[in-house]
Amino acid sequence: MIEYIPFIAVVGMIFIGLYAVLFRRNLIKIVIGISVIESGVNLFLITLGYRDSGVAPIYTSLPAGTPSPQGMVLPVPQALTLTSIVIGVAVLALMLSLVMHIYRKYGTLDIRKIRRLKE
Amino acid sequence: MFTLESGSGFWNPLLWILIVFIAFLLLYGIRGFGRNTYKKDTEQTKAFLSGNKEPSPDEMHVKASNLYWGFTTSLNNVYTALRKMHTGNTSDYVLWFVIILAVLFLVFGVM
Amino acid sequence: MTVLDLLIEHAPALIVAIPLFGAFLMPLVSRVNEKLRNILALSIICLTGFFIWLLATDVLARGPRLYIFGAKNLASPMVRILFEVDSMSIFMITITVILAFIALVYSWSFMKEHDGLDKYYTLVLLLIASTLGMELTGDVFNFFVFLEISCIVSCALIAFFISEGEALEAAFKYIVVSSIGALFILFAIGLLYAQYDALNIATLAQVLKYTFLDKIVLVLLVVVLGMKAGLVPMHMWLPDSYGRAPPSVTLIIIGATLASFYGVLRVIFTLYGNVLSNAMRFALPVNVLVGWILIALAIISIIVGVIMALVQTDLMRLIAFAAVAEVGYMFLAIGTSIAALGSPYATTALQGGLLHLLNDALDIGLLFLVAGALYYATKKRLLDDISGLARNMKYTTVFFIIGLLAVAGMPPLNGFASKFLIYESVYQLNPILSIVAILCSILMLAIFVKVFYAAFLGPELPGFKDVKEAPRSMLLAMGLVAGLAIFIGLFPNIVIDTLVKPAADALVNHAQYISTVIGGI
Amino acid sequence: MEKRTIAATLVFAIAAVFFLFSIFLIHPFGKPGNVAMDDHIIANTQNETGTNNAVTSVVFDYRGFDTLGEATIIFAAVAGVLMIFRRVNP
Amino acid sequence: MNGMSKIVKTTVSILFPFTMIFGLYVIAHGHLTPGGGFQGGAIVASGCAMLVIAYGSEWVFERIKTKRLAAFESIGGLGFIAVALLGLVFSTVFFGNFLAGSNLLFGTTPATGSTLADMNTGGVLPLMNFAVGIKVIAGLFVIVLVMAYASSQKEWNT
């Protein structure tokens with residue numbers, strides 16, 4: 001159980017974010033919810049790549065006595081997380097600017113009132 | 001070469017065009033029988049609605065949403081349900097996604 | 001090694017790199033001259049089309065091609081990103097580039113009056129590049145990256161008419177729904193990576209064992225990609241965004257949506273190809289389960305799409321609901337071919353579905369172009385407000401009739417050829433499904449006859465006395481699509497033999513997809 | 001409670017249960033099972049790419065195309081934000 | 001927004017060059033130490049965001065043309081894709097690392113195992129880091145600036 005706690009945190013974060021998207025009514029809170037989901041997924045990727053007592057996979061001034069591949073954490077999930085973080089930034093920027101504009105046009109941030117497009 | 005086989009039937013556009021062309025010729029021939037009674041610029045060609053003069057175009061305009069009135073009224077229950085489904089609320093869009101996700105999780109988890 | 005060989009060898013990378021390069025160049029060029037910018041965009045698409053043609057001739061003749069980024073040869077653990085181009089990818093990128101070309105020709109006069117066009121052309125090129133990337137890539141994470149690009153870019157393009165609040169609303173809905181979807185895809189990729197330490201589709205397909213995690217991954221991928229393709233009841237973003245995006249962009253967004261549909265095909269047929277044909281649960285083969293789930297969703301899509309389209313008052317929204325129904329037809333066909341995997345009519349169903357994919361893009365695209373022309377001429381969106389336009393817009397009327405007949409599946413247009421294959425094969429699986437599909441197709445005809453009556457026939461309203469015919473470039477774009485529709489309708493066999501049949505074979509033959517990578521080490 | 005809240009809570013709970021159940025089937029934290037690809041990268045980053053930093057070598061060399069996509073995403077976001085905040089002529 | 005108090009402005013003025021230097025250091029040493037183009041670019045861009053907060057978005061918006069920033073971003077992107085295309089020319093594959101092991105610029109192959117930092121390694125990676133760095137600095141800065149300016153204006157458009 002104890003070694004699954006990071007994964008449980010991942011699922012917790014994903015579903016906290018999903019809760020915000022499903023049950024909150026403020027657009028900003030929905031955006032925050034999506035951001036939290038994204039952090040959860042990033043945490044998931046990073047968690048997958050950890051090796052017990054591993055160091056960063058960088059050879060510059062490596063601590064002496066580190067076994068070469070076994071003592072280092074996996075590099076691929078870190079690269080994927082980096083990509084995913086940048087994607088998150090882009091999505092966040094676009095969503096927030098849309099929210100700003102929607103507030104100008106509709107005069108409200110309540111998701112139940114922003115539904116001129118229906119049926 | 002132009003025949004589309006489906007395993008149980010076939011479809012040939014060229015054959016179809018040929019048949020339509022023959023039908024058109026036949027119809028054109030039949031149409032020719034009625035031509036001699038038609039006279040231009042007489043009362044015959046004027047449009048009347050129930051014996052009255054034709055109203056102006058604005059009043060004649062049947063709006064698109066009034067078409068198929070009978071169909072939509074008879075399916076009123078279906079439309080009410082579907083309108084209720086399309087709320088336009090973003091949270092509901094995500095909720096439908098999660099519903100399908102949960103249902104398929106259940107189906108695949110049990111199977 | 002001739003120059004041609006060299007070009008063909010690097011074509012997969014260049015097909016994505018050239019539009020990207022053009023997109024990066026666009027802000028610089030549009031500071032110089034506006035006409036130059038339009039010409040640059042068009043010529044970039046033409047160049048991409050040329051490379052696609054080169055690649056297509058080679059792949060269709062000689063089988064799948066690999067392109068490894070950053071190395072000449074494959075190495076044992078698949079660390080590098082691969083592009084794997086088989087006939088299915090060729091089929092998809094051909095459709096995408098045709099749609100892109102038509103959209104750019106159409107935008108030449110349609111977008112003329114608007115400002116912010118340098119951003120518009122940049123985003124359009126990015127959307128094309130990302131769609132092409134999704135269709136060519138052989139790496140799951142790369143697929144996710146391109147999916148996210150297409151999501152962000154589509155969102156920005158949907159919001160192009162920023163002075164309308166509805167466009168912003170549609171864009172916001174689109175980005176919320178698709179970014180959540182994309183995050184779930186990333187989670188699924190994480191699960192795959194955790195189990196097999198690979199991101200390559202072929203490697204994963206070889207080692208996939210259908211454990212519980214793999215089931216979760218399958219559900220996540222199919223549901224998210226199905227949502228992005230517009231399956232009911234996850235379709236609600238689609239009418240919003242199609243209805244509010246500029247019609248020229250809608251054409252390319254249809255391409256991106258079809259790329260998601262291609263993702264569903266790739267996941268089911270290739271990634272889970274081994275599992276599909278071998279695994280059994282409780283005496284029920286997996287393919288029957290997956291196939292019937294898709295069929296159920298597809299039938300709901302067809303019915304809901306058609307019924308909702310009937311009562312729409314906004315023309316573009318109406319066409320968008322028709323597009324939902326058309327997506328339903330495609331899913332019906334592939335669901336049938338999955339459920340009946342191995343039987344002779346499964347192949348027919350798959351071919352019908354793929355041909356319908358092409359036809360759907362053309363027909364719905366044509367209708368959107370016509371709707372855009374009406375909007376351009378009258379500045380009205382609602383059907384109630386327009387009437388009697390056939391008097392002044394003769395060519396547009398003709399193109400609308402072609403689109404109407406094609407989308408309703410009337411012979412001899414292209415919609416009939418694919419729907420014919422779908423009806424015939426679905427009938428052998430279950431006659432009721434086929435009858436429902438035919439009835440909904442008839443209803444579709446009724447809907448568009450109503451639109452035809454409301455918009456083109458009827459009395460001439462006083463406001464539309466001096467409505468002008470659409471400009472020449474828009475007519476040219478519509479004419480191109482209409483010509484393609486008639487051509488495919490008259491000679492379906494040519495398209496089926498050259499493009500659709502190899503694509504269907506490549507999809508079913510997942511062993512070849514895997515061995516192209518694994519055997520190359 | 002509204003009907004929507006009940007339905008949402010129900011499906012939310014089902015999805016959460018399946019996610020929670022699935023993560024316990026992954027390898028435990030800190031003990032990745034299958035590491036052939038990553039060990040290959042760590043072992044070869046210095047002689048193949050000439051880089052001490054394995055993460056950078058993955059980001060820019062082994063999976064450089066992803067990074068191109070990532071750069072494209074920032075570019076797209078900038079174009080999108082500038083387009084959304086453009087001035088519209090009345 | 002008219003900017004914050006004098007204390008904040010002075011502090012930011014002092015801190016800003018250091019943030020810049022640190023960010024550029026992270027970009028330049030991306031192939032040797034943790035970091036790289038994205039991280040360093042984000043650091044520099046957050047320094048610029050600090051400037052926007054302290055001095056007010058209008059003050060910065062008047063002095064820096066967003067069009068020019070966007071052009072810089074384009075140039076960064078073009079540089080990145082150009083390096084990748086140079087790989088196509090010199091090592092016959094897209095994204096080929098044609099400089100690694102060539103003993104030219106950044107071409108030294110480091111010794112295997114733990115080594116000291118040597119700037120002259122990494123092949124095309126430092127070049128890509130620089131291109132991405134320029135791109136991220138310009139991109140994030142322009143996003144922050146435009147959004148801050150738009151939210152400070154009463155009437156932005158229409």
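**View 1. Chain B and chain C bury about 5100 Å² between them, with 79% of this on carbon and sulfur atoms.** Buried area is the accessible area (1.4 Å probe) lost when two parts are put together, summed over both. Tyr93(B), Phe108(B) and Met111(B) supply 15% of what chain B buries against chain C, more than any other three residues. The model is predicted: local features need pLDDT of at least 70, side-chain atom pairs count only at pLDDT 80 or more, and totals for chains, interfaces and linings use all residues. Residues are numbered from 1 along each chain as its sequence is written, and side-chain values use heavy atoms, without hydrogens and water.

**View 2. In the interface, 46 residues of chain B are in contact (heavy atoms within 4.5 Å) with 67 residues of chain C.** The rule finds zero salt bridges (side-chain nitrogen of Lys or Arg within 4 Å of a carboxyl oxygen of Asp or Glu) between chain B and chain C. Helix 5 of chain B (helices are DSSP runs of H or I, at least four residues; strands are runs of E, at least two; both numbered from the N terminus) gives the largest share of the side of chain B that touches chain C, 13 residues.

**View 3. Strand 1 (residues 65-68) and strand 2 of chain C run antiparallel, joined by four bridges.** Strands pair if DSSP finds at least two bridges between them. Ile68(C) stands opposite Leu82(C) of strand 2.

**View 4. Strand 2 (residues 82-85) of chain C is covered on both faces.** Leu82(C) and Glu84(C) lie on one side, Phe83(C) and Val85(C) on the other. These four residues are all buried (under 20% relative accessible area, 1.4 Å probe, protein chains only).

Terms used:
Chains lettered and ligands numbered in written order. Buried < 20%, exposed > 50% of the residue type's maximum accessible area, 1.4 Å probe, protein only.
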